[in-house]
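Open the model in your viewer and keep the selection box at hand. The tour starts with a term, then moves from stop to stop.

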Amino acid sequence: MGMTMTQKILANAAGKDNVKAGELIMADLNLVLGNDITTPVAIGEFDKIGQGSVFDKSKIALVPDHFTPNKDIKSAQQALKVRNFAKDQDIVNYFEVGEVGIEHALLPEKGLVVAGDVVIGADSHTCTYGALGAFSTGVGSTDMAAGMATGKAWFKVPEAIKFNLTGRLNKYTSGKDLILHIIGMIGVDGALYKSMEFTGEGMRSLTMDDRFTIANMAIEAGAKNGIFEVDEFTVDYMKNHSDREYTVFKADEDAEYVQVIDIDLSTVPHTVAFPHLPENARTPENWGNINIDQVVIGSCTNGRISDLQRAAQILKGKKVKKGIRAIVFPATQSVYLEALKDGTLSALVEAGCVISAPTCGPCLGGHMGILAEGERCVSTTNRNFIGRMGHIESEVYLASPEVAAASAVTGKITAPEEVM
């Protein structure tokens, strides 16, 4: 029996000719990632190992993005611990304020991940890099520490679900709608410890930003990883962002999948995940009349340049409804600068949005947009669990940048066509 994309990558990293689902392997790592929440814990575990130095100072990435700029003394102490470790270990890829971005947008932009890589990160949305044809997955801080020390990690080879994409998305519909639609179909445990593998001619109509969004939220279906077949768009992205060599792993014709799901992209509707799970996906006819208090556009899921541009297209010449807070988070400094130069930020500010420095901020209930009791937020982030963005009696509605922008105009959950 042949192998899937993920299985081929893992076999290569383990130095094996082939692997099969359920097999335990030790694989070489191309990159180990940590942020300002998870890295301090990993540093403590790394010190216990007693090795002294990391396995490769160029293959560690430390990105203090969750509470950056620091919101209080505790977060400043966390960042200081990461900063000192990076200095002591001479970590090449440490990103300070002024160059930092949201980790899962920053690393591809910096060319630190390419096709065929094996990446672990002490953050669940590390699966984002599957958009580049890499195997990437989230781990705990202890596994991060072991990875920093040895450059290796244990994996159980996952089974796979194949998503065969045809057609193309409709106007004002994007990758966020697609992944929310999929999670609504299969549930938050529908891909539990499986690889979500995307292929098909419809893939060509998805931008790289769409693919990053989709891979990012594979974990919200319980997946071990999400991965896209490498095509010319992937290659162009890697050539524009990295000088590293890459390896393309294509699934065998006789690769085994536990499920094959065919999706015609032209049938994917605007989709919003209602509280309190990403699987609670609803289409416009089921939205009802939900008044909101806040809109958040950004995060590692939807903070890239096309996301901001899509929101600006909806908001240009309009105003955020009085009483609604609309907060925009460019994912990286480069995204911020591009949006500044091309007029995207001007359109957003003129509409009544406030622009934040790149940070994870409200996505995890950290800062820069915390919700009070009873408040509702339409957000382009990736999770809407109870208390995710603030008070346990607040509500988060996950949506695309287009729906979020339209909702900011009307003050209720709204399809973009209603305001255009």
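Contact here means heavy atoms within 4.5 Å. Keep that cut-off in mind whenever packing comes up. The model is predicted.

**Whole chain**

Begin with everything displayed. The protein has 13 helices and 18 strands. Its radius of gyration is 20 Å, close to the 22 Å that the globule rule gives for 420 residues, so the protein is as compact as a globular protein of that length. Along the principal axes, the C-alpha trace spans about 60 × 50 × 40 Å.

Now colour by burial. Of the 420 residues, 60% count as buried. Switch to the surface: about 15900 Å² is exposed, with carbon and sulfur atoms supplying 49% of it. Colour by charge next. There are 39 positive and 52 negative side chains, and the centres of the two sets lie 3 Å apart. For a contact map, take pairs at least 6 apart in sequence: 77% of those contacts join residues at least 24 apart.

**Stop 1: helix α1**

Select 5-14, which is α1. Is this helix enclosed or open? Eight of its 10 residues are buried, so α1 is largely enclosed by the rest of the structure. Show M5, T6, Q7, K8, I9, L10, A11 and A13: these are the buried ones.

What do they pack against? Add the strands β1, β5 (118-121), β6 (135-138), β7 (152-156), β9 (194-199) and β10 (225-228), which the buried residues of α1 pack against. Then step off the end of the helix. G15 follows α1, and its phi is positive, near 70°.

**Stop 2: N18**

Move on to N18, in the loop between α1 and β1 (24-28). Setting aside neighbours within four places in sequence, N18 is in contact with M3, A11 and E23. A11 is also one of the buried residues of α1. Draw a distance from N18 to M217: 199 residues separate them along the chain, and their C-alpha atoms are 28 Å apart.

**Stop 3: two cis peptide bonds**

Select T68 and P69. The peptide bond from T68 to P69 is cis, with omega near -10°. P69 sits in the loop between β3 (60-63) and α3 (73-89).

Jump to P275 and H276. A cis peptide bond joins this pair as well, with omega about 0°. H276 belongs to the loop between β12 (272-273) and β13 (281-282).

**Stop 4: positive phi outside glycine**

Pick Y193. Its phi is positive, about 50°, although Y193 is not a glycine. Y193 is in the loop between α6 (175-186) and β9. Its relative accessibility is 29%, so Y193 counts as partly exposed.

Then pick M368, another residue other than glycine with a positive phi, here near 60°. Look for M368 in the loop between β16 and β17 (376-379). M368 is partly exposed, with a relative accessible area of 42%.

**Stop 5: helix α12**

Finish with 344-351, helix α12. Its buried residues are T344, L345, A347, L348 and A351. Look down the helix axis: these buried residues fall within an arc of 160°, so they line one face of α12.

Which elements does that buried set pack against? Show α10 (305-315), β15 (325-329), α11 (333-341) and β16 (354-355). Last, select G352. G352 follows α12 and has a positive phi, near 115°.

Conventions
Residues are numbered from 1 along each chain as its sequence is written. This is a predicted model: local features need pLDDT of at least 70, side-chain atom pairs count only at pLDDT 80 or more; totals for chains, interfaces and linings use all residues. Side-chain values use heavy atoms; hydrogens and water are left out. Buried means under 20% relative accessible area, exposed over 50%, partly exposed in between (1.4 Å probe, protein chains only). Helices (H or I, at least four residues) and strands (E, at least two) are DSSP runs, numbered from the N terminus. The arc is that of the directions from the helix axis to the C-beta atoms. The radius of gyration is taken over C-alpha atoms; the globule rule is 2.2 Å times the number of residues to the power 0.38. Accessible areas come from the Shrake-Rupley method with a 1.4 Å probe; for residues, only the protein chains shown count as cover. Lys and Arg count as positive and Asp and Glu as negative; His and the chain ends are not counted. The place of a charge is taken as NZ of Lys, CZ of Arg, CG of Asp or CD of Glu.
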